[in-house]
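Work through the exercises below with the sequence and the 3D model open. Try each task before reading its solution.

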Amino acid sequence: MNTPDTDPDILHEQARLLRTMTTSLEAGDPIAYHRAQERFAHLTWLREMKAGRRGETLENHTTPRYTWRTVGDNRVRNRHAENDGKVFAWDNPPPTGHPGDDHNCRCWAEPVPDEIKPEYARLVLKGHPSDNPNKWWGPEFIKHFYTGNGQSVRLSEIGHFFSFLIFYLYKISRGRHNTSERIARQIIEVARSRKSGATSYHFENSYSEFGTYHPFFGGGTASGDFSGTIEPDGAYIRINGNIIFNYGDSFTDVLNLREIWSGDSDPIGANWGERLISDFGGTYYEIYEHWTMDFSAYVLLDPAASKYE
Ligand SMILES: [Zn+2]
């Protein structure tokens with residue numbers, strides 16, 4: 001059984017966010033909702049910082065210098081505690097190395113705010129379905145296959161929305177970029193070619209990587225529809241809009257029999273005889289979800305000069 005995160009700080013932050021999110025949804029309180037959005041932004045930042053220190057998504061947050069931060073508990077190494085709050089340059093590491101260089105080091109590098117380039121691209125979760133606290137782990141998927149009469153289920157209904165979203169946006173990387181960065185870059189590219197006015201953009205991908213999120217997922221399709229406006233601002237453009245996301249997958253062919261025989265486990269393409277053999281009399285069902293995220297960006301119009309090249 002895979003869980004998308006094992007880092008204790010991220011798990012802790014994720015739990016805090018879920019609590020805040022649940023409170024805000026139940027109360028319908030806009031201030032609570034705003035607080036939840038801040039928590040989500042913080043979690044995103046924490047995640048990128050942790051990934052950044054391993055050199056994966058460094059460019060999004062790299063400034064020439066950073067402030068050393070520690071978790072602040074009694075397990076912090078003495079030499080790292082001495083670095084806490086001090087400013088170091090990425091091209092001139094202190095004798096201890098950079099935060100995170102040591103095995104199991106939980107320190108992180110906080111960018112020096114004045115040095116952050118004005119360019120940014122941000123995805124913020126907006127319409128958010130509430131996760132069922134009774135998450136389906138394994139047997140529930142099989143049980144629904146045999147007793148659910150093919151009834152579709154939403155990710156949130158089975159408690160998988162939030163962890164799945166994090167996996168989809170931040171854990172799947174193709175080339176140098178994770179999904180959130182690739183989506184941002186695709187929208188920016190379209191916006192640069194239009195230069196101003198209203199615009200829309202559709203994207204869609206199948207991900208075999210979902211299988212590493214959970215063994216019963218895999219081959220699912222995620223798509224999104226961006227609509228928004230582009231506003232020129234000197235050498236920059238400002239992009240504002242939202243993305244409606246859709247995810248869908250079929251729970252079927254548990255042992256991948258059709259996949260092995262015919263290279264395709266899509267239940268629509270199989271006749272009932274093939275389905276009977278490969279599904280052992282179960283009824284396939286759809287796992288799906290939709291949600292909305294705000295997208296905003298402020299980037300240089302000239303890709304050659306931009307960090308979003
Ligand atoms: Zn440390």
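**Exercise 1. Find how strands β8, β9 and β10 pair, and locate the turn of the hairpin.**

Solution. Start with β8 (residues 197-207) and β9 (residues 220-233): they pair in the antiparallel sense over eleven bridges. Helices (H or I, at least four residues) and strands (E, at least two) are DSSP runs, numbered from the N terminus. Two strands pair if DSSP finds at least two bridges between them. Check the register: Y207 stands opposite G220 in β9.

Go on to β10. Here 13 bridges join β9 to β10, and the two run antiparallel. F226 has I243 in β10 as its bridge partner. Now the turn. β9 and β10 form a hairpin with two residues between them. G234 in this turn has a positive phi of about 60°.

Two notes on the input. The model is predicted, so local features need pLDDT of at least 70 and side-chain atom pairs count only at pLDDT 80 or more, while totals for chains, interfaces and linings use all residues. Residues are numbered from 1 along each chain as its sequence is written.

**Exercise 2. State the strand order of the open three-stranded sheet and name its edge strands.**

Solution. The order is β2-β1-β3, and the pairing is antiparallel. The edges are β2 (87-89) and β3 (108-111), each of which pairs on one side only. From one strand to the next, the twist averages 45°. For this angle, axes are lines fitted to C-alpha atoms, for helices over the stretch in contact, and angles run from 0 to 180 degrees between N-to-C directions.

Next, look at one pair. Four bridges join β1 (residues 65-69) to β3. Within that pair, T67 stands opposite E110.

**Exercise 3. Sort the residues of helix α4 into buried and exposed, and explain the pattern.**

Solution. Set the cut-offs: a residue is buried if 20 or more other C-beta atoms lie within 10 Å of its own, exposed if 12 or fewer, and partly exposed in between, with C-beta atoms placed from the backbone.

In α4 (residues 139-147), F141, H144 and F145 are buried. They cover an arc of only 105° around the axis, which puts them on the same side of α4. The arc is that of the directions from the helix axis to the C-beta atoms. An α-helix has 3.6 residues a turn, so residues three or four places apart point the same way.

P139, K143, Y146 and T147 are exposed on the other side of α4. The buried residues pack against β5 (153-154), β10 (236-251) and β11 (285-300).

**Exercise 4. Which residues of α5 are buried, and what does α5 contribute to the largest nonpolar core?**

Solution. Helix α5 (residues 161-171) is mostly covered, with nine of its eleven residues buried. These are F161, F162, F164, L165, I166, F167, Y168, L169 and Y170.

Then turn to the cores. A nonpolar core is a set of buried Ala, Val, Leu, Ile, Met, Phe, Trp, Tyr and Cys residues joined through C-beta atoms within 7 Å. The largest has 49 residues, and I187, I188, I239 and F295 have the most contacts inside it. Its largest share, nine residues, comes from α5. Apart from it lies another core of five residues, among them Y66, W68, W108 and A109.

Take I188 as a sample. Not counting residues up to four places away in sequence, I188 touches A121, I239, A297, V299 and Y308. Contact here requires C-beta atoms, placed from the backbone, within 7 Å.

**Exercise 5. Find where N149 and K195 lie, and classify each as buried or exposed.**

Solution. N149 is in the loop between α4 and β5. Its phi is near 50°, a positive value in a residue other than glycine. N149 counts as exposed because it has 8 C-beta neighbours inside 10 Å.

K195 lies in the loop between α6 (179-194) and β8. Phi of K195 is near 70°, also positive in a residue other than glycine. K195 has 12 C-beta neighbours inside 10 Å, so it counts as exposed. As background, most residues other than glycine have a negative phi.

**Exercise 6. Place Y120 in the fold and give its contacts.**

Solution. Y120 is in strand β4 (residues 120-125). With 15 C-beta neighbours inside 10 Å, Y120 counts as partly exposed. Leaving aside neighbours within four places in sequence, Y120 is in contact with A297 and Y298. Last, check the distance to K307: the C-alpha atoms of Y120 and K307 are separated by 9.0 Å, though 187 residues apart along the chain.

Technical notes: Two residues are in contact if their C-beta atoms, placed from the backbone, lie within 7 Å.
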